[in-house]
Amino acid sequence: MLDEVILLDAYFSMFGMRVRIALAEKGVEYEYREQNLLNKGQYLLEMNPIHKKIPVLIHNGKPICESLIIVEYIDEVWKNNPLLPSDPYQRAQARFWADFIDKKVNDAGKRIWYMKGEQQQAAKEEFIEALQLLETELGDKPYFGGDKFGFVDLALIPFYCWFHAYETFGNFSTEEHCPKLIEWAERCEKIESVSKSLACPIKVYEFVLILKKKYGVK
Amino acid sequence: MAEVKVFGAWGSPFSKRVEMGLKLKGVEYEYIEEDLKNKSTLLLKYNPVHKKIPVLVHNGKPISESLVILEYIDEAWEGPNILPKDPYERAKARFWAKFIDEKCVPPMWKACWSIGEEREKAKEEASEALKFLENEINGQKFFGGDTIGLVDIAANFIGYWFPITEEIVGLELMTQDKYPNLSKWAYEYCNCSFVKENLPPNDKLVEIFKGIIQAQPASN
């Protein structure tokens with residue numbers, strides 16, 4: 001039976017990018033459907049009635065939501081080129097750091113462009129602190145996964161195309177604070193699944209300008 | 001011989017999740033009670049990033065975050081499954097466990113301990129979230145089917161801690177009228193022998209919660 005794989009996504013979403021990278025890493029053919037997040041379609045609302053968010057992967061009619069859950073699903077269904085390590089302890093560490101990225105990098109990043117003054121400053125500090133912790137975790141390895149691009153790399157790299165926007169609005173340089181992490185990001189960008197999945201940083205910046213206008217953030 | 005330690009706090013639902021997971025697999029472990037107001041150097045060494053309990057240490061290697069720990073327990077030891085085997089069912093279980101932690105527990109807890117507009121807002125959020133869980137359990141004995149699984153273990157706060165707290169603070173959120181399925185699940189859950197043995201004593205929790213009320217400002 002031929003697999004039907006549909007991805008409901010939005011170009012600028014880091015969470016969507018994670019799924020695009022995972023599908024590309026596995027060589028899975030799928031139908032990409034760009035969603036209008038300001039005017040959500042009926043199909044999206046049916047497939048994700050609880051959160052009403054993208055990304056949603058629909059595999060043979062069955063929806064899976066939440067980017068890291070989708071990636072684990074992809075890894076379990078398509079067993080070639082594993083994204084998670086095989087050792088249970090290494091898997092636990094990978095899940096821990098992916099969860100850390102969701103809790104610490106994402107939230108602080110958003111507050112950098114959304115807030116001003118003291119709150120923005122606090123967000124910048126938290127953001128840099130989180131990246132520095134990740135940089136320490138990376139150590140001398142080429143990737144978080146070791147010799148090979150893996151789950152944690154995939155969880156973090158989509159944020160890299162948002163750095164330009166964060167840095168411009170927050171007036172700081174990530175390279176100054178985390179040079180090794182930037183080296184890691186540039187290494188990841190050379191991977192085909194990553195380079196074809198990430199949004200253009202300039203376009204992301206322009207998108208954030210639109211968001212700021214929409215939310216009345218100066 | 002495998003060495004398993006759990007750093008926990010007796011009243012914490014997150015801590016109990018880990019113990020439940022280990023007991024389900026029949027794994028023997030050493031339990032270390034942490035004073036959360038005076039965290040041990042060992043805990044801070046094992047969880048330098050979040051500095052929180054629970055932490056599972058297996059042969060000297062630490063794992064943090066209760067849901068991550070539960071998946072580890074399921075993979076490291078044989079025995080009854082915590083997660084289903086089918087990838088789609090696993091994705092669903094992970095989805096609901098995450099939903100409980102992000103959308104249910106925070107507003108439910110806030111609804112208990114806040115006042116005025118904040119409380120009303122939290123109650124609304126919690127009610128909405130519980131509605132989804134109510135639909136999901138839909139007549140099954142447990143979220144895991146006939147036996148308890150990841151989602152049931154994750155929902156321990158909803159099944160045990162919350163009803164106790166609700167009663168003490170005078171909140172009427174998770175009523176049988178509004179949530180018949182969830183109420184039935186909570187009853188089955190708290191009365192199944194396995195879970196019963198692994199819950200903190202009701203009277204001790206009541207004491208702690210009453211203490212929190214007394215410590216609050218008089219405007220409550």
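Reader: Which residues of β1(A) point one way and which the other way, and are they buried or exposed?

Author: In this predicted model, A:Val5, A:Leu7 and A:Asp9 point one way from β1(A), while A:Ile6 and A:Leu8 point the other way. All of them are buried. In a regular strand the side chains alternate between the two faces of the sheet.

Reader: What makes β1(A) largely enclosed by the rest of the structure?

Author: A residue counts as buried under 20% relative accessible area. Five of the five residues of β1(A) are buried, so the strand is largely enclosed.

Reader: How do you know that β1(A) pairs with β2(A), and in which sense?

Author: Two strands pair if there are at least two bridges between them. Four bridges join β1, residues 5–9 of chain A, to β2(A), and the two run parallel. Within this pairing, A:Leu8 has A:Arg33 as its bridge partner in β2(A).

Reader: What is the sense of the pairing between β1(A) and β3(A), and over how many bridges does it extend?

Author: These two strands pair in the antiparallel sense over four bridges, and at least two are needed for a pair. In this pairing A:Ile6 stands opposite A:Ile58 of β3(A). From β1(A) the chain crosses through α1(A) to β2(A), a β-α-β crossover that is right-handed.

Reader: Why is the pairing of the sheet in chain A called mixed, and in what order do the strands stand?

Author: The order is β2-β1-β3-β4, four strands in an open sheet. β1(A) runs parallel to β2(A) but antiparallel to β3(A), and the pairing is accordingly described as mixed.

Reader: What makes β2 and β4 of chain A edge strands?

Author: β2 (31–34) and β4 (62–65) each have a single partner strand, so one side of each is left without a neighbour in the sheet. From one strand to the next, the twist averages 20 degrees.

Reader: Where does helix α1 of chain A lie?

Author: Helix α1, residues 14–26 of chain A, lies across β1, β2 and β3 (56–59). The helix runs at about 155 degrees to β1(A). Angles over 145 count as roughly antiparallel, so the value of about 155 degrees falls in that class.

Reader: Why are α1(B) and α3(B) called roughly parallel?

Author: Helix α1 (residues 13–25) and helix α3 (residues 66–76) of chain B pack at an angle of about 5 degrees, with their axes 9 Å apart. Angles under 35 degrees count as roughly parallel, and the two helices are therefore described in this way. Among the residues making the contact are B:Phe14 and B:Leu22 of α1(B) and B:Leu67 and B:Ile73 of α3(B).

Terms used
Residues numbered from 1 in each chain as written. Chains lettered and ligands numbered in written order. Predicted model: local features only at pLDDT ≥ 70, side-chain atom pairs only at ≥ 80, totals over all residues. Heavy atoms only, no water. Axes fitted to C-alpha atoms, helices over the stretch in contact; angles between N-to-C directions. Contact = heavy atoms within 4.5 Å. Buried < 20%, exposed > 50% of the residue type's maximum accessible area, 1.4 Å probe, protein only. Right-handed = clockwise from strand over helix to strand, strands pointing away. Parallel < 35°, antiparallel > 145°, perpendicular 65-115°, else oblique.
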